[in-house]
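This report is for a reader meeting the structure for the first time. Please look over the sequence and the model before reading on.

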Amino acid sequence: MQLNAPAGLAPRAEFTARGLIIGVLITVVFTAANVFFGLKAGLTFSTSIPAAVISMAILRGFRDATMQENNIVQTVASAAGTLSAIIFVLPGLIMVGWWTGFPYWVSVGICATGGILGVMYTIPLRRALVTNSDLPYPEGVACAEVLRSAGNPGSAQSAESVESSAAGLKAMLMGSVVSAAFYVVVQTRIFTSDVAHYFRFGGEKSAASGFDFSLSFALLAIGHLVGLWVGVAMLTGALVGWAWAVPHFTLLHPVAGAAADAAQGAWSHYVRFVGAGTIGIAAVWTLMTLVKPVTGGLRGAMAAARVRKAGNAHTLPLTEQDIPIGTVLLVSLVCLVPIAFLLWHFSVTSGLGS
């Protein structure tokens, strides 16, 4: 697919076969990494910005590559972050006993319908979360800045930025090699990567707590990707959990035995639910704060649809030439049919129908 360019300029390639292939390959690798890290650390990392850097480093070998093509690659690769989030849902169904396995076609249906709905929702939400957002540094804006910094990979003006992206790709490859080497060293037990200790503050049935310090290049990489303030928030949560909550609940509900068993029991039965409640409150608060910008985004999408319907689509800025909001609503409604079937099928097979 090509974008319309001003008179006298060649059309700019955007949706190309090579861009799609590169995006799919990055998605496969990053989805596997995200699934592993999500199950290990309990969080997934954003793949848009690393994908943009890799895309710029690869596409610099093509003279006709464009910033728009880079954007398609990172957009395809961003699916790795969203697809991997399914690891928090489907394994949970296994753990609570509602599923006894992963039925292939049902799982595919869940991912496909959820993915299509997600794409449809991003069209009006783009205005609310990126274009008109008052967030100090949302991911979409950050990724856009990365793409703008390189411009069109074939142009002389972006030579320095393209070299920077190549250096970034080399750093990623070097990090992979170093992390693999560290993993081999740890698995051969030349030295350990964990220091864990549990203790009581007094007698046999007094408060208990502990710590577990782990050196992992993978977790260091996740920390770099999620950013300083997310890391600070997680550190604060860990301190609240293990410096106050675990000792508090083990003191309220004393248990004899090993300090590790008492601390882990308090963590599993009390502290985790405090964290889940905090996440729930944050989710509700976020939804409340998004009501106004989402409403504004829908109004903007409808206004663009009216301009397009009047035959003046060419007057719209390139960033406003979305899929028509009517099409978005229609596709979303069509997706509700298989979703309804999946919910019915799940309720029957899991025993939740009654």
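In which helix is S48 found? S48 belongs to helix 2, which covers residues 48–59. The model described here is a predicted one.

## S48 and its surroundings

S48 has a relative accessible area of 8%. That value is under 20%, so S48 is classed as buried. Along the chain, S48 and A80 are 32 residues apart, and their C-alpha atoms are separated by 8.8 Å.

## Nonpolar cores

A80 is also one of the 10 residues of the largest nonpolar core. The other members are I22, I26, F30, A51, I54, L59, A65, V73 and A77. At least two residues of this core come from each of helix 1 (17–41), helix 2 and helix 3 (67–77). Another core, of 9 residues, lies apart from it and includes V246, A259, A263 and A266.

In soluble globular proteins, nonpolar side chains tend to be buried together.

## The salt bridge

How many salt bridges does a search of the whole structure find? The search finds 1. E69 pairs with R18, and the closest N and O atoms are 2.6 Å apart. E69 is in helix 3 and R18 is in helix 1, so the salt bridge ties together parts that are 51 residues apart in sequence.

Is E69 buried or exposed? E69 has 0% relative accessibility and therefore counts as buried. R18, with a relative accessible area of 22%, is partly exposed.

## Helix 11

Helix 11 runs over residues 259–309, which is 51 residues. At 1.5 Å a residue, a helix of this many residues should span 75 Å, and the end C-alpha atoms of helix 11 are 69 Å apart, which agrees. Helix 11 has a kink of about 40°, centred on S268.

The buried residues of helix 11 include A259, A263 and A266, and these three also belong to the core of 9 residues. Further along, G297, A301, A304 and A305 are among the buried residues of helix 11. After helix 11 comes G311, which has a positive phi, near 85°.

## A nonpolar patch on the surface

M174, V177, V178, L215, F217 and L220 form a nonpolar patch on the surface. Together they have about 540 Å² of accessible area. Helix 8 (159–187) and helix 9 (217–226) each supply at least two of the patch residues, and the largest share, 3 residues, comes from helix 8.

V177 is found in helix 8. With 54% relative accessibility, V177 counts as exposed.

Definitions and conventions. Residues are numbered from 1 along each chain as its sequence is written. This is a predicted model: local features need pLDDT of at least 70, side-chain atom pairs count only at pLDDT 80 or more; totals for chains, interfaces and linings use all residues. Side-chain values use heavy atoms; hydrogens and water are left out. Helices (H or I, at least four residues) and strands (E, at least two) are DSSP runs, numbered from the N terminus. The expected span of a helix is 1.5 Å times one less than its number of residues. The bend at a residue is the angle between axes fitted to the seven residues ending there and the seven starting there. Buried means under 20% relative accessible area, exposed over 50%, partly exposed in between (1.4 Å probe, protein chains only). A nonpolar core is a set of buried Ala, Val, Leu, Ile, Met, Phe, Trp, Tyr and Cys residues joined through side-chain atoms within 4.5 Å. A salt bridge is a side-chain nitrogen of Lys or Arg within 4 Å of a carboxyl oxygen of Asp or Glu. Patches are made of residues with over 30% relative accessible area and no salt bridge: like charges are joined within 9 Å, nonpolar side chains (Val, Leu, Ile, Met, Phe, Trp, Tyr) within 5 Å. Accessible areas come from the Shrake-Rupley method with a 1.4 Å probe; for residues, only the protein chains shown count as cover.
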